[in-house]
Amino acid sequence: MWPYRDDLHVLIEAPDGTLVATAIIWFDPVSRTAEFEPVGTHRAYRRQGLATALLWHGMHRARDAGAETMLVACVGAAGRPAARELYYGVGFEPFARDVPHVKRAP
């Protein structure tokens, strides 16, 4: 589905074929913004620097596609310090803190 681009869907695969880490990068050529969503690493492969490498690789791909700004959402950042620190570690900075709202059907 547009604006999905397979060249901006980055992943890391283990030698046995296991999907280790992945990120889809959604690029908007009008705003020249790339959003990383979703980003994930298999539990058995965390804390090995793979997500950091994946994000750097993805940011280079996005830049080469024309992105000038990169975004990533860390939903529940306060409760996910490892994810938050991963994003800070590759240069992301806090921009906004969304507060989700939900309404149950009557």
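Two strands are taken to pair if DSSP finds at least two bridges between them, and in this predicted model that rule gives a sheet in which Phe27 stands opposite Ala34 in strand S3. Strands S2 and S3 themselves run in the antiparallel sense and are joined over seven bridges.

The sheet around this pairing is open and has four strands in the order S1-S2-S3-S4, with mixed pairing. Strands S1 and S4 are the edge strands, each of which pairs on one side only, and from one strand to the next the twist averages 20°. The residue ranges of the four strands are set out below.

| Strand | Residues |
|---|---|
| S1 | residues 9-13 |
| S2 | residues 19-28 |
| S3 | residues 33-41 |
| S4 | residues 69-72 |

Aromatic side chains provide a second view of the structure. The count of aromatic pairs comes to three, and one of them is formed by Phe36 and Phe92, whose rings are edge-to-face, with 6.2 Å centre to centre and 80° between the planes. The edge-to-face label applies because planes over 60 degrees apart are counted in that way. Phe36 lies in strand S3, whereas Phe92 belongs to the segment after helix H2 (81-89), so the pair ties together parts that are 56 residues apart in sequence. Both Phe36 and Phe92 are buried, and together with Tyr87 they form one aromatic cluster.

Strand S3 thus appears in both descriptions: Ala34 in S3 stands opposite Phe27, and Phe36 in S3 pairs with Phe92.

Key. Residues numbered from 1 in each chain as written. Predicted model: local features only at pLDDT ≥ 70, side-chain atom pairs only at ≥ 80, totals over all residues. Heavy atoms only, no water. Helix = DSSP H or I, 4+ residues; strand = E, 2+ residues; numbered from the N terminus. Axes fitted to C-alpha atoms, helices over the stretch in contact; angles between N-to-C directions. Phe/Tyr/Trp six-rings, centres within 6.5 Å; stacked < 30°, edge-to-face > 60°. Buried < 20%, exposed > 50% of the residue type's maximum accessible area, 1.4 Å probe, protein only.
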